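Me: I should like to learn how to read the features of a protein model. Could you take me through them in order?

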Amino acid sequence: MNTSNTQLRESPQHITGVNNPLRLRVVEESQLSGHMGDQDLDAIVSTLVLACKVPMAIVNVVRPDLQTYPSELGVGQPFTQIADQESFCTQIVETAHALVVSDASTDPLYSKNPLVRARTIMAYAGEPLIEDGTVIGSVAILDTTSRIFTETELAVLRHQARLAQAVLELRHSARTDYLTGLPNRRVFFDRLTLALSRLQRSDECVGVLFVDVDGFKRFNDQFGHAAGDYLLQKLSAYLLTSLRPMDTLARLGGDEFAILCEGLKSHSQAEEVAARIVAHLNSLDDPIAGLVLMNERTPQMYVMLVVGRLVGHRIFLAALVARG
């Protein structure tokens, strides 16, 4: 929304949308809770209060109709429940744009916010809080009186938001495989645990596919570790192109990969995912793909279908072949 006292500043393309399942998965995996006592994030909000001379500053993680504050000064509570259509931070999550409102009481949208009606918030400036290319919330400064934030104050806010992003990226790197950029073993099993817990409230299935490369050690010995690393990177990229956006591909270690498929309606859907991967790798015309396993060109895929509480069956699929 653009009004006389509302400004939006554009931001690069990111995953947005308060109700976007992909965004919400990143939010849950961030493990950011209210009043978590994080020294790095606490330092950011303290800097904002001092430098911008505001009574309130927040690091806010946004879920539908819920704003959670891992760190805040001046709000005094770990979360608030403001309807999305009236929330400042929701606008940022929806658009990935910075937002500045100098007088919320006269704004057609934000004047309906209960904190504005109570005159707790009258001016707002916020920047997107980004983790792994996803807008998970905002970093914001707030005032109890209407005001025009100076360019210096907005620059400080912008830099502190980038610092918050750097903090999250550092933590994200601890959950990411350094070679392929995929989620690592820890993240995979965290996601699997969450997926299994959701099965208790659903009649859907969860599929877990295991992929490894037979003869990979021999390949490394003959062609060198650099070639082996490149092979794993290429295989990761090929696997990703065969999956649905909501699927998780992770590297467990070495030449072992795992795929988590949620929201399946039946066993056959997991088999379809496996078949799609096989067909895709069979169709490749890439010299590096032709090096897979040298003369032993049958990597193996195991599909374990999980129904309810780990009740299911196992399927063996041979001929997961990458042809050059």
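Reply: The turns below go from the chain as a whole to single residues. Please note at the outset that this is a predicted model.

Me: What helices and strands does the chain have, and how many?

Reply: The chain has nine helices and twelve strands. Of its 324 residues, 49% count as buried. Contacts also tell how distant parts of a sequence are brought together: among contacts between residues at least 6 apart in sequence, 66% join residues at least 24 apart.

Me: How many salt bridges does the structure hold?

Reply: A salt bridge is read from distance: a side-chain nitrogen of Lys or Arg must lie within 4 Å of a carboxyl oxygen of Asp or Glu. The structure holds six salt bridges. One of them links Arg-251 with Asp-177, at 3.1 Å from N to O. Arg-251 belongs to strand β9 (residues 248-253), while Asp-177 is in the loop between α5 (151-173) and α6 (185-199), so this pair ties together parts 74 residues apart in sequence.

Me: Are Arg-251 and Asp-177 buried or exposed?

Reply: The cut-off for buried is a relative accessible area under 20%. Arg-251 has 9% and is therefore buried. Asp-177, at 10%, counts as buried because its value also lies under that cut-off.

Me: Which salt bridge lies within a helix, and where are its partners placed?

Reply: Asp-221 and Lys-217 form a salt bridge, with 3.1 Å between N and O. The two residues are four apart in helix α7 (residues 216-223), so about one helical turn separates them. Asp-221 and Lys-217 are both exposed. Elsewhere, Asp-143, Arg-147 and Glu-153 are joined into one network by salt bridges that share partners. In the bridge between Glu-153 and Arg-147, the closest N and O atoms are 2.8 Å apart. Glu-153 and Arg-147 are both buried.

Me: Which residues of helix α1 are buried, and what do they pack against?

Reply: To read a helix in its surroundings, one takes its buried residues and then asks what they touch. In α1 (residues 21-30) the buried residues are Arg-23, Val-26, Val-27, Glu-29 and Ser-30. The elements they pack against are β2 (56-63), α3 (88-95), β6 (123-131), β7 (134-143) and α6.

Me: What is found at the ends of α1?

Reply: At the N-terminal end, Asn-20 acts as a cap, with a side-chain oxygen 2.9 Å from the backbone nitrogen of Leu-22. After α1 comes Gln-31, which has a positive phi, near 55°.

Me: What does a single residue of α1, Val-27, contact?

Reply: One reads such a residue by its accessibility and by its partners away from it in sequence. Val-27 is buried, with a relative accessible area of 0%. Apart from neighbours within four places in sequence, Val-27 is in contact with Val-61, Val-62, Arg-63 and Ile-136. Val-27 and Val-61 are 34 residues apart along the chain, and their C-alpha atoms are separated by 7.4 Å.

Me: How should the packing of two helices be read, and what is the angle between α2 and α5?

Reply: One considers the angle and the distance between the axes, and then the residues of the contact. Helix α2 (residues 39-52) packs with α5 at an angle of about 175°, and the axes are 10 Å apart. Angles over 145 degrees count as roughly antiparallel, so that is how α2 and α5 are related. On the α2 side the contact is made by Asp-40, Leu-41, Ile-44, Thr-47, Leu-48, Ala-51 and Cys-52. On the α5 side, residues of the contact include Glu-153, Val-156, Leu-157 and Arg-171. Taken by kind, the residues of this contact are ten nonpolar, two polar and three charged.

Me: What sign does phi have in Asp-65 and Arg-119, and where are these residues?

Reply: Most residues other than glycine have a negative phi. Asp-65, although not a glycine, has a positive phi of about 60°. Asp-65 is in the loop between β2 and β3 (66-73) and counts as partly exposed, at 39% relative accessibility. Arg-119 also has a positive phi, near 60°. Arg-119 is found in the loop between α4 (114-117) and β6, and at 54% relative accessibility it counts as exposed.

Terms used: Residues are numbered from 1 along each chain as its sequence is written. This is a predicted model: local features need pLDDT of at least 70, side-chain atom pairs count only at pLDDT 80 or more; totals for chains, interfaces and linings use all residues. Side-chain values use heavy atoms; hydrogens and water are left out. Buried means under 20% relative accessible area, exposed over 50%, partly exposed in between (1.4 Å probe, protein chains only). Contact means heavy atoms within 4.5 Å. A polar contact is a pair of N or O atoms within 3.5 Å; within protein, one must be able to donate a hydrogen and the other to accept it, and residues adjacent in sequence count only if both atoms are side-chain atoms. Axes are lines fitted to C-alpha atoms, for helices over the stretch in contact, and angles run from 0 to 180 degrees between N-to-C directions. Angles under 35 degrees count as roughly parallel, over 145 as roughly antiparallel, 65 to 115 as roughly perpendicular and the rest as oblique. Ala, Val, Leu, Ile, Met, Phe, Trp, Tyr, Cys and Pro count as nonpolar, Asp, Glu, Lys and Arg as charged, and the others, Gly among them, as polar.
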